[in-house]
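Dear colleague,

I am handing over the structure below for your reference. Please look through the sequence and the model first, and then read the notes that follow.

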Amino acid sequence: VIRNINLDVLTPLWIAQRLERSGIRSINPVVDITNYVLLETGQPMHAFNLAKITGALQVRYAFPHEKIQLLNGNEIDLNSGMLLIADEHKPLALAGIMGGLDSGVTHGTTDIFLESAFFSPNVISGKSFCLGFSSDSAYRFERGVDFAATRNALERATYLIQAICGGKAGPVTEMKHQLPQRSSVNVRTDRIKRVLGIDINGQQISAYFKRLGFEFSVKEGIFNVTPPTYRFDLAIEEDFIEELARIYGYDHIPA
């Protein structure tokens, strides 16, 4: 919660211009900051008008016959497969996709609740197609957001909001459920040579994995590699071999 913010200030030109160049229109300082941090870190965020929240917040699936009017003006008939952020009486946002119009931050808002979350890609995936529209948040959550950076992005947005709009920030409330497991994968040097048709020595492989930010250990020609939390596309040995080829340079691999 951030209280006593001033929404009458203008969004700094350096933020407004960068948003415009990225195809995002300026709305108000708080919304602009959450959009800016989304571009900066890849973490979608949402700010709620605290005055519109009744009781405790919860993340739950929609009840039968529930509706919500979203920030884009669309009124949605919710089904049981749609994940919501809700208070004790009503839905406030379609989780990972778009906030509700009623609880949005608008002129006159003085207190906000700032939310930064990780939603599993398989919960968000396909919802935009069913709804007939997408959003910057859905685009990222469908593909996987770095679940280890959620709090850092929240702190970054809080810093910018206080620097631009003032206000006093309360403590961070954190809820953790089951997060994705980043399993290590064995990558064999002889397999690398066989797949790529070139001989990359162990020293080069180590250097490339370090540059990619991978944690690894090596024993008897086998690299045990753990992908970073933001790389949802790496799961099998061939994925890591492809990364090596990319850094080595496709143009350096003979036809």
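The notes below deal with the open and enclosed spaces, then the nonpolar cores, and then two loop residues.

Please bear in mind that this is a predicted model.

Pockets

The largest pocket has a volume of about 1,500 Å³. Its lining is made up of 39 residues, and those nearest the centre are Val-59, Ser-116, Ala-117, Glu-174 and Met-175. Two or more lining residues come from each of strand 3 (58-61), strand 6 (83-86), strand 9 (112-116), helix 3 (121-124) and helix 6 (150-165). Helix 6 contributes the most to this lining, with five residues. Sorted by class, the lining of the largest pocket holds 24 nonpolar, 10 polar and five charged residues.

The second largest pocket encloses about 810 Å³ of space. It is lined by 34 residues, and Val-31, Asn-35, His-46, Leu-71 and Met-98 are the closest to its centre. The elements that supply two or more residues here are helix 2 (29-41), strand 2 (45-49), strand 7 (91-94), strand 8 (98-99) and helix 5 (136-143). Helix 2 gives the most to the lining of the second largest pocket, namely four residues. By class, this lining divides into 18 nonpolar, 13 polar and three charged residues.

Cavity

The model also contains one cavity of 30 Å³ or more, with about 40 Å³ of space in it. The residues that line this cavity are Met-82, Leu-83, Leu-94, Ala-95, Ile-97, Val-123, Ile-124 and Lys-127. Seven of the lining residues are nonpolar, none is polar and one is charged.

Nonpolar cores

In soluble globular proteins, nonpolar side chains tend to be buried together. In this model, the largest nonpolar core has 29 residues, and the members that touch the most others are Ile-76, Leu-78, Leu-94, Ile-97 and Phe-119. At least two residues of this core come from each of strand 6, strand 7, helix 3 and helix 5. Leu-94 and Ile-97, named here as core members, also belong to the lining of the cavity. Beyond its neighbours within four places in sequence, Ile-97 is in contact with Ile-124, Lys-127, Leu-131, Phe-133, Ser-135, Ser-137 and Ala-138. Among these contacts, Ile-124 and Lys-127 are cavity-lining residues as well. A second core, separate from the one above, has 22 residues, including Ile-24, Tyr-36, Met-45 and Ile-112.

Two residues in one loop

Which residues of the loop between helix 1 and helix 2 are described here? One is Ser-22, in the loop between helix 1 (13-21) and helix 2, and another is Asn-28, in the loop between helix 1 and helix 2.

Is Asn-28 buried or exposed? Asn-28 counts as buried because its relative accessible area is 10%, where buried means under 20%. Leaving out residues up to four places away in sequence, Asn-28 touches Leu-7, Thr-11, Val-105 and Thr-106. The side chain of Asn-28 also reaches the backbone nitrogen of Val-31 at 3.0 Å, and Val-31 is one of the residues closest to the centre of the second largest pocket.

Ser-22, by contrast, has a relative accessible area of 43% and is therefore partly exposed. Its C-alpha atom is separated by 10 Å from that of Asn-35, which lies 13 residues away along the chain. Asn-35 is likewise among the residues closest to the centre of the second largest pocket.

With kind regards

Methods:
Residues are numbered from 1 along each chain as its sequence is written. This is a predicted model: local features need pLDDT of at least 70, side-chain atom pairs count only at pLDDT 80 or more; totals for chains, interfaces and linings use all residues. Side-chain values use heavy atoms; hydrogens and water are left out. On a 1 Å grid over the protein atoms alone, a cavity is a set of points where a 1.4 Å probe fits but cannot get out, and a pocket is an open set with protein on both sides within 12 Å along at least five of seven lines; lining residues have an atom within 4 Å of a point. Grid points are joined across faces, edges and corners, and a volume is the space filled by probe spheres set on the points. Ala, Val, Leu, Ile, Met, Phe, Trp, Tyr, Cys and Pro count as nonpolar, Asp, Glu, Lys and Arg as charged, and the others, Gly among them, as polar. Buried means under 20% relative accessible area, exposed over 50%, partly exposed in between (1.4 Å probe, protein chains only). A polar contact is a pair of N or O atoms within 3.5 Å; within protein, one must be able to donate a hydrogen and the other to accept it, and residues adjacent in sequence count only if both atoms are side-chain atoms. Contact means heavy atoms within 4.5 Å. A nonpolar core is a set of buried Ala, Val, Leu, Ile, Met, Phe, Trp, Tyr and Cys residues joined through side-chain atoms within 4.5 Å.
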